[in-house]
Amino acid sequence: SESSPVYKRVILKLSGEALREVGSQDNISPEIVERIASEIRAAKDAGDVEIGVVVGGGNFWRGASASARGMDRPTADYVGMMATVMNALALQGALEAEGVECVVQSAIEMRNVAEPFVRRKASRHLAAGTVVIFAAGTGNPFFSTDTTAALRASEMGADVVMKATMVDGVYDSDPKKNPDAVRYDTIDYQTCIREELKVMDSTAFSLCMDNHIPIVVFDLGKNGNITKALGGENIGTVVE
Ligand code: UDP
């Protein structure tokens, strides 16, 4: 629409679970990764938006769940961070197959497969039109990849965090349990934190709030949505 904002630099947050085909034993679906890559390419073709991607690891492992079952939390979290690197490499391969220039920068050094995360280098890659995939989260246990997205968006001077999820926005109650749940067009950070709307964790919300970075929450499942969201259409909920 005419009122669509035009983003110059965005951080796209993909959950690990988004890379898995529902019901499949495979943690990563090559077909889904391919679709995501082609949508990112289409977004780049449509405008000159700079795209950083933060990818989760929940399709392999979640530190908090392993810790609840008795594993030492920091250890479990490092396993989770490793998981995000696998997803990052899969996505990089698919993007390159689409002809999109792409680097992976890892917050935990893994020089044979990824560049180490260096803020200024990442920013230069983005400015040159190269997609940067931020792997290994923040590099610290007790954080999430949502918080990583908020952090990278803040330090890269991104205009927005695009949170691609399995629901098409933020609701006043769980739409899967309550058929009368109402979706917000826009909502403020404080309400999300106070009402514990589980779109992101509170650390991620507060970081975005403090640095005035809006979050667009949208449904990854629908074809074309990544391209639309990156192009500035509000196809879900804007948290601001
Ligand atoms: N993780 C971490 N620090 C970070 C980012 C991630 O310890 O900065 C670990 C944590 O154990 C988390 C796992 O990596 O559960 C996978 O990330 P996340 O759960 O955010 O993935 P998603 O839900 O987006 O797939």
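A residue counts as exposed here if 12 or fewer other C-beta atoms lie within 10 Å of its own, as buried if there are 20 or more, and as partly exposed in between. By that rule Phe 142 is exposed, because 12 other C-beta atoms lie within 10 Å, and its place is in the loop between β5 (131-135) and α5. The model in which this is seen is a predicted one, and the classes of burial used below should be read with that in mind.

The same loop between β5 and α5 also holds Ser 144, but this residue is buried, because 22 other C-beta atoms are found within 10 Å. When neighbours within four places in sequence are left aside, Ser 144 is in contact with Asp 201 and Ala 204. Phe 142 and Ser 144 both belong to a group that an unreviewed UniProt entry lists under "binding site", a group that comprises Gly 57, Asp 77, Thr 138, Gly 139, Asn 140, Pro 141, Phe 142, Phe 143, Ser 144 and Thr 145. These positions span 89 residues in sequence, yet no two of their C-alpha atoms are more than 14.2 Å apart, so they gather at one spot.

Under "binding site", the unreviewed UniProt entry also lists Lys 13, Leu 14, Ser 15, Gly 16, Gly 58, Arg 62, Thr 165, Tyr 171 and Asp 174. Here the span is 162 residues in sequence and the farthest two C-alpha atoms are 24.5 Å apart, so these positions do not all gather at one spot. Two members of the list can be followed in more detail. Ser 15 has its place in the loop between β1 (9-14) and α1 (30-46), and it is buried, with 21 other C-beta atoms within 10 Å. Apart from neighbours within four places in sequence, Ser 15 is in contact with Gly 56, Gly 58 and Thr 165, and of these Gly 58 and Thr 165 are themselves on the list from the record. Tyr 171, by contrast, is found in the loop between β6 (160-165) and β7 (186-187), where it counts as partly exposed, with 19 C-beta neighbours inside 10 Å. Its contacts, with the same sequence neighbours left aside, are Ala 181, Val 182 and Arg 183.

The surroundings of the ligand come next. There are 24 residues around the ligand, and those that come nearest are Gly 56, Gly 58, Gly 63, Gly 80 and Gly 137. By class, this shell is made up of 6 nonpolar, 14 polar and 4 charged residues. The helices α2 (63-68), α3 (73-97) and α5 (145-156) each supply at least two residues of the shell, and α3 gives the most, with 6 residues.

Helix α3 also matters to the count in the interior. In the largest nonpolar core, which has 73 residues, Leu 91, Ile 133 and Val 161 touch the most other members, and α3 gives the most to this core, with 9 residues. Leu 91 touches Val 33, Ile 36, Ala 37, Val 53, Val 55 and Ile 133, when residues up to four places away in sequence are not counted.

The strands, finally, form an open sheet of 9 members with mixed pairing, in the order β4-β3-β5-β2-β1-β6-β8-β9-β7. At the edges stand β4 (115-116) and β7, each with a single partner strand, so one side of each is left without a neighbour in the sheet. Strand β3 (residues 102-106) runs parallel to β4 and is joined to it by 2 bridges, and Ser 106 has Pro 116 in β4 as its bridge partner.

Conventions: Residues numbered from 1 in each chain as written. Predicted model: local features only at pLDDT ≥ 70, side-chain atom pairs only at ≥ 80, totals over all residues. Near = placed C-beta within 6 Å. Helix = DSSP H or I, 4+ residues; strand = E, 2+ residues; numbered from the N terminus. Nonpolar A, V, L, I, M, F, W, Y, C, P; charged D, E, K, R; others polar. UniProt positions renumbered as here; feature names shortened; annotations may be inferred. Contact = placed C-beta atoms within 7 Å. Core = buried A, V, L, I, M, F, W, Y, C linked by C-beta atoms within 7 Å. Pairing = 2+ DSSP bridges.
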